[in-house]
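User: I should like a close look at one buried position in this protein and at how its surroundings relate to the rest of the fold. Please give one connected account.

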Amino acid sequence: MANLRTSMDASFYDLNIATPQTLHGSARSIPGEPTPVDGAYASKLLRMQQLSLLGRGFPLGLIPSYAPPLSSSSSQKESGSLSLQTLWLKQPAENWWLGLVGQLCPIKLLSSVKAEVLRADSTVPRFKRAAKKFFDKSFYSIGLCSHLDLSESTSILVNVEKDGQGKNKRTKGILFHKLSNHDITLEAAWPELFVDRNSKYWEMPESISLDCLSLVSEAGLRYRFGIHKNGGNAKAVDFVDGEPPASLSPGVCAKAAFSYEKCKDLWRKPETKEDLALVKRERGEFRNTAYDIRMKEPHATISGIFGGTCEAWFSGKRSPFGADLFGSICFAVQHGKFRKPYGDLTRFDARLDMSSASAVVNRFSNTLKSSSVTPRLNLILQQQIAGPIVFRVNSKVSFDSPSPHVEDIIYSLNYSMRYLGSGKVVAWYSPKRNEGMVEMRVLEF
């Protein structure tokens with residue numbers, strides 16, 4: 001079903017949005033804003049791990065992505081640019097991964113070379129001027145990623161990247177520790193990249209957070225608490241005008257949240273022994289398992305989550321205290337078992353999100369008129385094309401005007417890998433952000 005737990009995560013600082021604008025492949029959703037469309041969430045796998053797996057299926061190990069370059073100057077902004085990423089991976093030890101990510105902008109490079117060839121300059125030979133462009137660092141980016149397992153329950157990640165067009169480098173460090181019933185995460189970034197509900201990017205010079213998250217209990221209860229520090233003033237990096245969102249104000253914020261979630265099957269057709277019967281083919285016999293084990297049974301399900309948050313700001317321009325309620329309700333229906341080569345999967349999910357109960361109440365009382373606080377309807381449609389290939393549309397409908405309208409949409413092609421159980425290669429495109437990339441995802445329906 002559509003991911004319910006993002007209702008809580010969206011109010012904190014750790015909801016990652018997939019983007020080709022960084023070499024580690026993600027940016028942060030701005031806390032307190034409406035939950036992003038489901039197809040925008042970043043993969044749970046590190047980008048280094050994704051490139052290592054994807055590189056085996058692409059020519060020369062080059063993985064494509066597409067995005068307009070980030071620039072605060074409208075004169076420098078372009079409609080879009082193709083990038084190619086590759087990975088030089090080493091494993092110095094069994095518990096240590098070290099990767100060097102390289103990125104090239106081929107179309108921009110070839111256009112620049114062509115311009116030099118056509119430009120008249122008698123003092124310098126054309127071939128020499130064209131060859132010099134290949135050494136221009138503005139067409140290249142490089143990133144170093146290191147992941148070390150200190151123990152079975154503790155790991156550390158360090159990522160440093162340098163954009164050839166930018167003047168500053170990005171540095172991020174994550175310390176993760178797993179307890180019996182909780183996950184503890186310490187994360188710091190200089191700077192951190194955020195994306196708002198209008199698909200505009202903001203850069204925070206310093207972002208540090210410490211978070212404790214409980215595992216979901218059998219009763220469906222979950223809670224989390226943490227502290228976050230914003231250092232410096234956020235600035236827009238892909239447009240000129242606009243004030244930074246309130247959540248990106250400099251200062252220290254302590255936040256806590258709880259949630260309760262419940263799921264109920266209206267009907268379900270369980271997997272049978274006949275479904276797993278051996279099938280004879282030219283290459284021999286194999287078991288007819290589903291392409292994705294999370295979509296192996298036709299069903300209709302209704303589920304919901306509700307909870308609350310409270311926060312305290314120790315500095316900054318925000319109100320010192322705040323509290324709110326949030327909730328989501330989801331309906332999912334699936335036809336087919338996703339086993340046959342054709343016509344064996346059609347799935348539809350609809351999730352209604354309310355990110356701020358107080359804001360909705362204020363809106364209906366005409367004391368607050370802001371499109372960012374109305375409920376959003378997230379819709380997901382998936383249709384099998386052939387075998388493991390599925391076409392998916394993720395859309396978000398807003399009710400902030402007299403008539404509902406589509407606020408965001410993401411198209412994707414998904415190739416499920418049966419041997420991974422629930423893993424797939426996803427090629428997606430977002431018209432609103434004019435961005436697209438290829439990702440490897442696991443344990444996502």
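Analyst: Arg 28 is buried in this predicted model, because its relative accessible area is 2%, against a cut-off of 20%. The residue belongs to strand 2, which runs over residues 26-29. Its contacts, with residues up to four places away in sequence left out, fall in several stretches of the chain. One stretch consists of Tyr 13, Asp 14, Leu 15, Asn 16 and Ile 17. Another contains Glu 192, Leu 193, Phe 194 and Val 195, and Glu 187 is a further partner. The C-alpha atoms of Arg 28 and Phe 194 are 4.5 Å apart, although 166 residues separate the two in sequence.

Some of these partners lead towards the largest nonpolar core. Strand 1 (16-18), strand 10 (192-195) and strand 24 (423-430) each give two or more residues to that core. The core has 17 residues, and Tyr 201 and Trp 428 touch the most other members. Burial of this kind fits a general tendency: in soluble globular proteins, nonpolar side chains tend to be buried together.

Trp 428 deserves a description of its own. Beyond residues up to four places away in sequence, Trp 428 touches Ala 18, Thr 19 and Pro 20. Ile 410, Tyr 411 and Ser 412 are also in contact with Trp 428. Further partners of Trp 428 are Arg 433, Glu 435, Gly 436, Met 437, Glu 439 and Arg 441. Apart from the largest core lies another, of 12 residues, which includes Met 48, Leu 157, Val 438 and Met 440.

The backbone on either side of strand 10 has two features of note. Before strand 10, Trp 190 and Pro 191 are joined by a cis peptide bond, with omega about -10 degrees. Pro 191 itself is in the loop between strand 9 (182-190) and strand 10. The loop between strand 10 and strand 11 (201-204) holds Ser 199. Ser 199 is not a glycine, yet its phi is positive, at about 65 degrees. Ser 199 also counts as buried, because its relative accessibility is 10%. A comparable case is Asn 434, likewise not a glycine, whose positive phi is about 55 degrees. Asn 434 sits in the loop between strand 24 and strand 25 (435-442). These features depart from the general pattern, in which most residues other than glycine have a negative phi and most peptide bonds are trans.

Met 48, named above as a member of the 12-residue core, is also one of the buried residues of helix 2. Helix 2 is mostly covered, with 6 of its 8 residues buried. Besides Met 48, the buried residues are Arg 47, Gln 50, Leu 51, Ser 52 and Leu 54. The cover over them includes strand 3, strand 4 (81-93), strand 5 (96-104) and strand 6 (140-149), as well as strand 24 and strand 25. Gly 55 is in the loop that lies between helix 2 (47-54) and strand 3 (63-67). Its contacts, leaving aside neighbours within four places in sequence, are Gly 61 and Ile 63. The C-alpha atoms of Gly 55 and Lys 90 are 14 Å apart, with these positions 35 residues apart along the chain.

Another buried strand residue may be set beside Arg 28. Ala 257 lies in strand 15 (residues 251-268), and it counts as buried because its relative accessibility is 6%. Residues up to four places away being left out, Ala 257 touches Met 8, Phe 12, Arg 222, Tyr 223, Arg 224, Gly 308 and Thr 309. Gly 226 is 31 residues from Ala 257 in sequence, and the two C-alpha atoms are 9.3 Å apart.

The whole chain supplies the setting for these local views. The protein has 5 helices and 25 strands. Its radius of gyration is 23 Å, close to the 22 Å that the globule rule gives for 445 residues, so the protein is as compact as a globular protein of that length. Along the principal axes, the C-alpha atoms fill a box of roughly 80 × 70 × 50 Å. Of the 445 residues, 48% are buried. Contacts between residues at least 6 apart in sequence join residues at least 24 apart in 57% of cases. The accessible surface comes to about 22500 Å², and carbon and sulfur atoms account for 62% of it. Finally, the mean positions of the 57 positive and 44 negative charges are 4 Å apart.

Terms used:
Residues numbered from 1 in each chain as written. Heavy atoms only, no water. Core = buried A, V, L, I, M, F, W, Y, C linked by side-chain atoms within 4.5 Å. Buried < 20%, exposed > 50% of the residue type's maximum accessible area, 1.4 Å probe, protein only. Helix = DSSP H or I, 4+ residues; strand = E, 2+ residues; numbered from the N terminus. Contact = heavy atoms within 4.5 Å. Rg over C-alpha atoms; globule rule 2.2 N^0.38 Å. Areas by Shrake-Rupley, 256 points an atom, 1.4 Å probe, with all protein chains shown as cover. Lys, Arg positive; Asp, Glu negative; His and termini not counted. Charge placed at Lys NZ, Arg CZ, Asp CG, Glu CD.
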